[in-house]
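Student: I'd like to learn how to read a model of two protein chains that touch. Could you walk me through one?

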Amino acid sequence: MPQATVVESHPLDQIIRSDRMPHIWCPGCGIGIAMRCYAAAILESGIPVENHIVVSGIGCTGRVAGYMYLDSYHSTHGRAIPFATGVKLANPDLMVTVFSGDGDLAAIGGNHLIHAARRNIDIKVVCVNNFNYGMTGGQVGPTTPYTAKGTTAPYGNPEQPFNLPSLVGASGANYVSRWTTLHVRQLKQDILASFTRPGFSFIEVLSPCPIGFGKSNNIPDGLDEMELYRQRCVLIDNGEVDLDVLSIDLREDKPIYIGEFVARDRPIFQCVQVDR
Amino acid sequence: MSAPRVHTGKFFMHGDYACAEGALAAGCDFFAGYPITPSTEIAEHLSYRMPQIGGTFIQMEDELASIAAIIGASAAGARSMTATSGPGLSLMMENLGLAVMLETPCVIIDIQRGSPSTGLPTMAGQSDVMQAQWGSHGDYEIVAYAPSSPQEIFDLTVLAFNVADRFRTPVILLGDEVIGHMMERVVIPNEDEIMHWERKRPKSPPGNNGNYKAFLPDDDDLVPPMAHAGEGYRVHFTGLTHDEQGYPAMDADTHHKLVTRLIDKIRSNADQIIRTEEYFLDDAEIVVISYGCTARSARRAVREAREQGIKVGMLRLISIWPFPEQMIKALGEQANAFIVAEMNLGQIRREVERFVSQPVIGVHHAGGAMIPPEPILKEIVNCQLKTGEKPWPKVMILRSD
Ligand SMILES: Cc1ncc(C[n+]2csc(CCOP(=O)(O)OP(=O)(O)O)c2C)c(N)n1
Ligand code: SF4
Ligand SMILES: [Mg+2]
């Protein structure tokens with residue numbers, strides 16, 4: 001029987017509020033993995049730590065702001081993007097990242113998401129998509145697959161979900177990609193890359209929520225979902241992809257496309273300036 | 001194109017423009033808003049003026065976004081503001097509570113129109129008064145000012161920014177369509193004569209050894225110094241109940257302590273926040289209380305009643321919240337009757353009733369047209385006739401004229 005080793009410190013302690021541990025996330029949850037990739041990307045970014053700002057909305061993913069040892073802002077449900085817009089415009093030198101959930105960003109905050117993408121404002125969004133509202137106990141949301149079960153859809157979800165990369169790409173973002181919590185190196189690299197590309201960046205991270213989504217949809221364990229990712233993910237590596245094929249239903253034996261979907265340089269939002 | 005931040009001079013100026021110029025004079029460098037009558041001219045004027053002074057103007061997708069953006073900007077050190085009217089103020093309510101909880105200074109201009117709902121977009125109202133204080137969920141204390149002229153909208157916008165920064169709190173300016181759309185003389189002073197209260201800032205530099213806590217007041221004014229995003233203090237701000245460091249703390253004691261401090265922070269500094277004007281109050285036996293555009297009619301009514309020899313005066317509420325209860329109680333020692341004139345159906349009248357035992361007579365209108373001096377004068381005369389009769393019949397008149 002292997003013994004657990006207790007270590008005094010961890011290399012990421014300098015960037016994580018270790019005094020806040022243990023975190024609130026369930027065993028098998030993917031949010032911590034996504035946060036770890038963000039933390040590692042910050043350390044590798046070469047950007048001074050004090051210039052990294054994280055803003056979250058509300059939800060299990062929204063708790064990320066409370067665990068990052070950065071200037072960190074846990075705003076209200078849905079409003080992380082406009083809050084971050086204010087931070088960024090007030091101090092354009094800052095690298096402002098929004099870290100939040102699919103429900104927060106695409107349901108209650110959906111209007112801000114498309115408008116921030118349209119404006120192409122220079123903020124980085126990491127969206128943890130666990131196909132449900134985890135925090136409130138597994139209700140269906142804007143990313144829940146059609147007919148999947150949730151605590152507010154005991155007979156199956158009667159609604160069609162958003163295909164988030166397609167939505168954000170069509171809205172005008174400079175950068176859109178998707179990874180899963182299995183793809184930790186790629187995710188970290190991609191977050192790093194988003195720091196260097198001006199404009200609105202949206203990285204969707206598919207993530208297990210065994211408690212909220214998994215248990216009612218026959219994926220009872222976080223590892224089961226990781227295994228699905230391993231079997232089904234298909235990497236798009238030439239950037240050429242029809243955004244329509246990106247919709248996901250974990251219950252079906254279809255490919256889950258991951259990788260970089262949109263990478264372009266539309267003009268970014270800048271405050272109007274006149275010669276003074 | 002070059003223009004000064006402070007447009008010193010004497011002008012015949014539109015109220016909404018005076019508000020925008022007041023904001024600039026006060027050092028506002030960030031505006032986010034969404035168009036809505038009768039406040040839109042503020043956004044329009046700032047879209048022209050902000051770029052001239054190197055500030056930020058952004059038109060957001062809605063009012064939810066507008067207030068979130070100004071709170072974020074404030075967290076990064078900006079003096080920030082938005083402008084709206086009733087429907088937009090309703091949308092801002094959740095994040096008004098966030099600004100209270102995060103103690104992020106910001107200014108919300110509400111140019112009131114006839115309400116509820118879409119109401120009378122182009123016509124005046126004063127019926128957001130209670131919403132300003134009670135609209136967001138939970139207990140909190142708000143600061144709100146009500147200008148009665150374009151000059152005062154300039155002056156009070158300047159004051160609003162200073163009070164917001166000094167006490168780390170959102171401040172609402174409760175204008176109304178009459179004042180917002182009125183043209184009148186506005187005198188803008190020299191830049192060095194503009195009031196300037198600083199935001200309290202951390203005294204120790206950032207670093208692990210510094211013991212700065214973003215939500216720990218450093219003296220008995222109950223206001224914690226504020227560090228800004230990007231300064232290296234690595235603060236955490238959350239709308240969850242939090243301890244002095246800003247960390248979530250899910251327990252009843254911390255919650256009670258935090259919420260009472262946020263309220264006491266405003267109440268115990270009320271003498272620095274409250275503004276009123278007294279008009280013929282010295283020997284007044286009848287006291288008229290009014291504010292905003294209605295106070296203009298009330299002033300005329302009081303003057304005419306004085307000409308008839310009636311001992312009447314006016315207390316004009318320049319600040320509405322926190323409510324000047326001590327002052328109203330003191331007037332209760334001298335007056336026989338109170339008249340509250342306001343363009344709503346009794347929001348401040350009920351507040352006055354809480355602090356005096358004398359009859360409080362309301363002159364009310366639901367909004368859409370200014371209350372003229374005549375019905376106020378009529379009530380003053382009625383009160384005068386009844387003086388001496390005991391017990392006083394407690395009457396309340398709802399007027400549609
Ligand atoms: C205005 C408002 N409505 C509803 C809620 C309740 N609520 C909290 S988190 C949440 C859903 C979060 O879902 P998601 O963003 O997907 O995050 P997850 O928990 O799945 O990471 C909801 C509905 C709230 N906090 N505020
Ligand atoms: S409910 Fe789901 S998303 Fe929330 S912590 Fe648990 S597993 Fe993670
Ligand atoms: Mg979710």
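Tutor: Sure, let's start with chain B as a whole and then turn to where it meets chain A. Keep in mind that this is a predicted model.

Student: What is the radius of gyration of chain B, and how do I judge it?

Tutor: You compare it with what a compact globule of that length would have. For 401 residues that would be near 21 Å, and chain B has 22 Å, so the two agree. Along its principal axes, the C-alpha atoms of chain B fill a box of roughly 70 × 55 × 40 Å.

Student: How many helices and strands does chain B have?

Tutor: Chain B has 13 helices and 17 strands.

Student: Now the interface. How many residues does each chain bring to the contact?

Tutor: Chain B puts in 46 residues and chain A puts in 42. On the chain B side, B:Glu61, B:Arg234 and B:Tyr247 lose the most area to chain A, together making up 21% of what that side buries.

Student: And how much area gets buried between the chains?

Tutor: About 3400 Å², with carbon and sulfur atoms giving 58% of it.

Student: What about charges? How many salt bridges cross the interface?

Tutor: Here's the general idea: side chains of opposite charge can pair when their charged atoms come close. In this case, the rule finds 1 salt bridge across the interface of chain B and chain A. A:Arg119 forms a salt bridge with B:Glu61, and their closest N and O atoms are 2.7 Å apart. There are also 22 residue pairs in polar contact between the two chains.

Student: Which element of chain B gives the most to that side?

Tutor: Helix H3 of chain B does, with 8 residues. Other elements giving two or more residues include helix H2 (40-53) and helix H4 (86-102) of chain B. By class, the chain B side has 25 nonpolar, 16 polar and 5 charged residues.

Student: Do strands get involved too, and which way do they run, parallel or antiparallel?

Tutor: Strand S2 (residues 71-74) of chain A and S10 of chain B run parallel, joined by 3 bridges. Look for A:Tyr73, which stands opposite B:Phe237 in that S10 strand of chain B.

Student: How many salt bridges are there over all chains?

Tutor: The structure holds 31. One to find is the pair A:Lys88 and A:Asp122, at 3.5 Å from N to O. That pair links distant parts of the chain, 34 residues apart: A:Lys88 sits in helix H3 (residues 80-90) of chain A, while A:Asp122 is in the loop between helix H5 (110-119) and strand S4 (124-129) of chain A.

Terms used: Residues are numbered from 1 along each chain as its sequence is written. Chains are lettered from A and ligands numbered from 1 in the order in which they are written. This is a predicted model: local features need pLDDT of at least 70, side-chain atom pairs count only at pLDDT 80 or more; totals for chains, interfaces and linings use all residues. Side-chain values use heavy atoms; hydrogens and water are left out. Contact means heavy atoms within 4.5 Å. Buried area is the accessible area (1.4 Å probe) that two parts lose on being put together, summed over both. A salt bridge is a side-chain nitrogen of Lys or Arg within 4 Å of a carboxyl oxygen of Asp or Glu. A polar contact is a pair of N or O atoms within 3.5 Å; within protein, one must be able to donate a hydrogen and the other to accept it, and residues adjacent in sequence count only if both atoms are side-chain atoms. Helices (H or I, at least four residues) and strands (E, at least two) are DSSP runs, numbered from the N terminus. Ala, Val, Leu, Ile, Met, Phe, Trp, Tyr, Cys and Pro count as nonpolar, Asp, Glu, Lys and Arg as charged, and the others, Gly among them, as polar. Two strands pair if DSSP finds at least two bridges between them. The radius of gyration is taken over C-alpha atoms; the globule rule is 2.2 Å times the number of residues to the power 0.38.
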